[in-house]
Amino acid sequence: MKNESRVLDMARHFHPQTDPRLHEDHGPLTIMAGEGATIIDDAGNRYIEGMGGLWCASLGFSDSRLADAADRQMRKLAVYHTFNHRSNEPTIELVEQLAALAPFEDARVFLVGSGSEANDTMVKLAWYYQAARGRPDKRKIISRFGAFHGSTIMGAALSGLPHMHQSFNLPPLPIIFAARPFHYFDSRPAETERDYATRLARELEALILAEGPESIAAMIAEPVMGAGGVLVPPEDYFPKIQSVLRKYDILMLSDEVVCGFGRTGNWFGSQTFGMEPDMLSIAKGLSSGHLPIGGVIISDKVYQWVADEAHKVGVFGHGFTYSGHPVTAAVAAEAIRIYREVDLVNQARRLGDYLHRALAEALGDHPLVGEVRGRGFIAGVQIVEDRATRRAFAPELRIGTDVERRCRDHGVMIRNMGDVLAICPPYIITKREIDALVGGIRSALDGAAAANSRVGQVA
């Protein structure tokens, strides 16, 4: 049966973010079960899942309370919608919980089915807000090189990753790109983090002036850039960026799809890095990844303009079949109750401190490791060819891919973005499992170093 399933997947399943021709030859790694922070494949191999699946399984891979919440709601009201003034109890409870967590007062919550839909919705709300204020020409959205904001047409257009654009022939959209905040590779010699942040803010202002402030609606940013390489903003970056945006009447949109729900040591990443967003998008950890759900938390400033305009039109003409789905809302509401019970923010800080200490001790002297970075319970390991000069490996060598494969040989599941190893474990992982996770990464790096003649044998 295992071989039959494998053949069927290779023949019929068109996978996301995968090379389809390679998949036709190599097939899938099929995961059969999950227990806490561990997953089990169809050969019985067990892996410590150091990425929470895709940055999302905050409570692990089979939480019984979330399963029970889904079962109870499925038996009571399995499906309904929230169009035309309809609602349901789980959705009402969820939006109340989210408004209470919001980093601004009098928040409103718009529910969707995914992070991509949430980011699309933020952009449409930004356009709607500007039009309501009599400024319909403010349409451009500033994103950043290296950003990931989803896979819909707008999400891909916002994403500053070349493979999200190549060959898709995306339509012209009013997206402009600012520099990524990557102090390790992009700062000048002896440039401090604060000086680097100041320079990035000046470059942003120059970009705005070149484009015309009257044409720019908003800027979207992840507090920590996830798929772009776990890039932690330099000191004072967001306060300096936000000062420029306010000067030119440009909204700040925080993409919290990865950073929300405790990941950086606060409920939202914007709180960790001094960002004061007008809207923020959520998904992934919202339901611990157990069911697909996302949302936008909207400031009162934006909501009031949008609501007045929609009243003039007669309806707010946006929404999705699964906006406020009762089962996904019930699971998300239960997840937030669990987060509060376990004191998620402090749990993330404690586990994050332990993870970063373990990574520093295990990898601080490794010849392939240029930097270990992160904040709270998220980390990135930067692989380099030469630590002293910060020289990167040639991309065609695919060192990061090799290390990720070797990690699996040591019972560890992580993700590489080029030559960055990303680590984003479930919050229910134990310290012993963190030690094993870090040990597996160290062993994988040792193997890659030994196999690379230019690095030589690890001492």
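**Internal spaces and helix packing in the predicted model**

Trp55, Ser58, Val257, Val258, Gly260, Phe261, Arg263, Gly285 and Tyr427 form the lining of the largest cavity in this predicted model. The volume of this cavity is about 40 Å³, and the structure contains one cavity of 30 Å³ or more. By class, the residues lining the largest cavity comprise five nonpolar, three polar and one charged. The charged member of the lining is Arg263, while the polar members are Ser58, Gly260 and Gly285.

The second largest pocket encloses about 1100 Å³ of space. Its lining consists of 30 residues, and those lying nearest the centre of the pocket are Thr82, His85, Val109, Phe110 and Phe316. Three elements each contribute two or more residues to this lining, namely α5 (89-101), β4 (108-112) and α12 (300-313). In terms of residue class, the lining of the second largest pocket divides into 16 nonpolar, eleven polar and three charged residues.

Helix α12, which contributes to the lining of that pocket, also packs against helix α6 (residues 115-132). The axes of α6 and α12 are 9 Å apart and meet at an angle of about 75°. Because angles of 65 to 115 degrees count as roughly perpendicular, the two helices α6 and α12 are assigned to that class. On the α6 side, the contact involves Leu125, Tyr128, Tyr129 and Ala132; on the α12 side, it involves Lys301, Val302, Trp305, Val306, Glu309, Ala310 and Val313. The contact of α6 with α12 has nine nonpolar and two charged residues, with no polar residues. The charged residues, Lys301 and Glu309, both belong to α12.

A second helix pair is formed by α15 (residues 399-409) and α16 (residues 431-451), which pack at an angle of about 130° with their axes 8 Å apart. This angle makes α15 oblique to α16, and the crossing of α15 past α16 is right-handed. From α15, the residues in contact are Asp402, Val403, Arg406 and Cys407. Their partners in α16 are Gly440, Ile441, Ala444, Leu445, Gly447, Ala448 and Ala451. Seven nonpolar, two polar and two charged residues make up the contact of α15 with α16. Here the charged residues are Asp402 and Arg406 of α15, whereas the polar residues are Gly440 and Gly447 of α16.

Terms used. Residues numbered from 1 in each chain as written. Predicted model: local features only at pLDDT ≥ 70, side-chain atom pairs only at ≥ 80, totals over all residues. Heavy atoms only, no water. Axes fitted to C-alpha atoms, helices over the stretch in contact; angles between N-to-C directions. Helix = DSSP H or I, 4+ residues; strand = E, 2+ residues; numbered from the N terminus. Parallel < 35°, antiparallel > 145°, perpendicular 65-115°, else oblique. Left-handed = near helix turned anticlockwise from the far one by under 90°. Contact = heavy atoms within 4.5 Å. 1 Å grid on protein atoms, 1.4 Å probe; cavity = no way out; pocket = protein on both sides within 12 Å on 5 of 7 lines; lining within 4 Å. Points joined across faces, edges and corners; volume = space filled by probe spheres on them.
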